[in-house]
Amino acid sequence: MEMDVYNLTTVTQFILIGLSDLPEVRYPLFVAFVIIYQITLLGNGLILLAIVTEKKLQTPMYYLLANLSLLDIFCPSATVPKMLKNLLTEDHSISFVGCALQLYFLVALAGTEVFLLAVMAYDRYVAICFPLRYSLIMTKVRCVQLLFGTWAAGFLNSFVHTMSTFSLSFCKSNRVNQYYCDIPPVVALSCSSTYMAEVLLLVIASIFGVGAFLITLISYIYIVSTILKIRSAEGKRKAFSTCASHLLVVFLFYGTTIFTYMRPTSSQHSPGRDRLISMLYGVITPMLNPIIYSLRNTEVKGALRKVLHLRICSQTA
């Protein structure tokens, strides 16, 4: 089943290589990723529960945070269950349709998160630079419109990339050099010209990805400039505390993304170790985001304490 498929044979399934060249660490990795995945689901689930149950948190800022928690649940769920199965079994295959669906949802969710982080940065920009007009600008209707736009843009962007990628001909090797189906390793298997797919990827990434990054960057340039103009130290602290958590999440997201996709492949490490490093982008970041918000944000901490207190009381009653 794990033999390569060569000339004149249409690929009907792919083989996810995973950590097949590091068999001695398969079981420790399985345990580690199970724990990380459960912490991710629990942490983001608690954030969602706190926002839904605490009226004080039902504001545009926390609606955006709720959507980030949803993304941090969905994104690893697109790859981690299959990866865990592959760590335990010898069958690393995934069907052609299954690979296309996994790639579609993974790219859609990652793209949505890029746009959402830009919207969250804009939200903080309005809150800090125009505090008196914030409630007029960031209404619930405007928030819903922005959220709909981020999800629609993410899934539409992914649809274009998925159609472009899987319209290629695959008649050479079917071994995907990754844990999951991603655009670069799948395109690398094509036996037809990949020029248009690569150009499309570059153009869309340049327009939407760089555009979202610039919105985030420019928003924080204005935020920092406004905070520095505040005279009192207490005022600066309060202003910075409203955006510190999001700023950490932005650094974490873009830092791991750049490290995953733009670092040179190390000649001193095996491909398996490089794939392990790449997987940290999709597993570690969603786990850390709720920890960052629960530690840095006093309102979220208070809501979480209330949720946990009510849960404990209901169990002891």
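Two strands count as paired if DSSP finds at least two bridges between them. This criterion applies to the sheet legend below; the model throughout is predicted.

**Figure 1. Overview of the predicted protein chain and its secondary structure**. The chain contains twelve helices and three strands. Of its 317 residues, 48% count as buried. Among contacts with a sequence separation of 6 or more, 79% are between residues 24 or more positions apart.

**Figure 2. The open sheet of three strands**. The strand order is β2-β1-β3, with mixed pairing. The edge positions are held by β2 (93-95) and β3 (175-176). Each of these has a single partner strand, so one side of each has no neighbour in the sheet. Strand β1 (residues 13-16) pairs with β2 in the antiparallel sense, over three bridges. Within this pairing, Phe 14 is placed opposite Ile 94 of β2.

**Figure 3. Phe 170 in the loop between α6 and β3**. The loop follows α6 (140-166) and leads to β3. Phe 170 has a relative accessible area of 6% and is therefore buried, the cut-off being under 20%. Phe 170 and Phe 14 are 156 residues apart along the chain, and their C-alpha atoms are separated by 10.0 Å.

**Figure 4. Surroundings of Ser 190 in the loop between α7 and α8**. The flanking helices are α7 (183-187) and α8 (195-229). With a relative accessible area of 5%, Ser 190 is buried. Its side chain makes a polar contact of 3.0 Å with the side chain of Ser 192. When residues up to four places away in sequence are not counted, Ser 190 touches Leu 168, Ser 169, Phe 170 and Lys 172. One of these, Phe 170, is the buried residue of the preceding view.

**Figure 5. The second largest pocket and its lining**. The space in this pocket is about 300 Å³. Twelve residues line the pocket, and those closest to its centre are Met 61, Tyr 62, Thr 242, Asn 297 and Glu 299. Helices α2 (60-77) and α12 (298-316) each supply at least two lining residues. By residue class, the lining of the second largest pocket comprises three nonpolar, five polar and four charged residues.

How values were computed
Residues numbered from 1 in each chain as written. Predicted model: local features only at pLDDT ≥ 70, side-chain atom pairs only at ≥ 80, totals over all residues. Heavy atoms only, no water. 1 Å grid on protein atoms, 1.4 Å probe; cavity = no way out; pocket = protein on both sides within 12 Å on 5 of 7 lines; lining within 4 Å. Points joined across faces, edges and corners; volume = space filled by probe spheres on them. Helix = DSSP H or I, 4+ residues; strand = E, 2+ residues; numbered from the N terminus. Nonpolar A, V, L, I, M, F, W, Y, C, P; charged D, E, K, R; others polar. Buried < 20%, exposed > 50% of the residue type's maximum accessible area, 1.4 Å probe, protein only. Polar contact = N/O pair within 3.5 Å; in protein donor to acceptor, adjacent residues only side chain to side chain. Contact = heavy atoms within 4.5 Å.
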